[in-house]
Amino acid sequence: MSNAQNLAYAVVQVLHNFGAVATVGGSLAATRIEDVGARKKLAWLVLIGWGTQAVSGAAFGLVSFLYYHKFPDIAGVAFAALAIKILCAALGFMLVAVYLLRGANWPAKNQGRVWPSSAMLAAIALSAAAFLRWFS
Ligand code: HEM
């Protein structure tokens, strides 16, 4: 691999790692915060985190495509792990986006369910990442 290609993967990985921290850490932190304003700010951070994961995840594939003119050939466990990650990112992003758009009108109990759900999706994606890494 050339240095340019390594650099491209490393830059994407930096974004992907910080995105992962934002989804896991932000969602967990939000479960502990009562203040509505502070929770909303954290919700934006988590939303950006989920979006970053989708964009940087796709960027991994794009870098491979630019250098090899094809996408990585993955199958079996690695493919399942990638599909799980994509599903988690899509659900997490939609959940937090709907919360930011409409959540203020929801009963407190339902608002409170957003963060354990987002944290669970982030934890599943983070675990799937290990399987993607070692089965591909
Ligand atoms: C659309 C969603 C996503 C896509 C397309 C995606 C794609 C990828 C790809 C292609 C890699 C490199 C795999 C390798 O090195 O073989 C990767 C690594 C990684 N992803 Fe994702 N990802 C997504 C979402 C997530 C989410 C939501 C998280 C965590 C919350 C996450 C955490 C990680 C971590 C920690 C790594 C590094 C694994 C390692 O090298 O040990 N990803 N991801």
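Q: What is a polar contact, and how far is a nitrogen atom of the ligand from the side chain of His-16?
A: A polar contact is a pair of N or O atoms within 3.5 Å. In this predicted model, where local features need pLDDT of at least 70, side-chain atom pairs count only at pLDDT 80 or more, and totals for chains, interfaces and linings use all residues, an N or O atom in the side chain of His-16 lies 2.8 Å from a ligand nitrogen. Residues are numbered from 1 along each chain, and side-chain values use heavy atoms, with hydrogens and water left out. A polar side-chain atom of Lys-85 is 2.5 Å from a nitrogen atom of the ligand, while for Arg-133 the partner is a ligand oxygen, at 3.5 Å.

Q: Which elements give two or more residues to the shell around the ligand?
A: Helices are DSSP runs (H or I, at least four residues), and those contributing here are helix 1, helix 2 (36-68), helix 3 and helix 4 (108-134). Helix 4 supplies the largest share, six residues.

Q: Which protein atoms are donors of the iron atom, and what is the geometry of its site?
A: Donors are N, O and S atoms within 2.8 Å of the metal (3.2 Å for Na, K and Ca); here the protein gives His-16 (NE2) and Lys-85 (NZ), 1.9 to 2.0 Å from the iron. Six donors are octahedral if opposite ones are over 155 degrees apart and all others between 65 and 115, and this site is octahedral, with angles of 80 to 179°. His-16 lies in helix 1 (residues 3-32) and Lys-85 in helix 3 (residues 76-102), so the pair ties together parts 69 residues apart in sequence.

Q: Are His-16 and Lys-85 buried or exposed?
A: Both are buried, that is, under 20% relative accessible area, whereas exposed means over 50% (1.4 Å probe, protein chains only).

Terms used:
Four donors count as tetrahedral if all angles lie between 85 and 135 degrees; four count as square planar and six as octahedral if opposite donors are over 155 degrees apart and all others between 65 and 115; anything else is irregular. A polar contact is a pair of N or O atoms within 3.5 Å; within protein, one must be able to donate a hydrogen and the other to accept it, and residues adjacent in sequence count only if both atoms are side-chain atoms.
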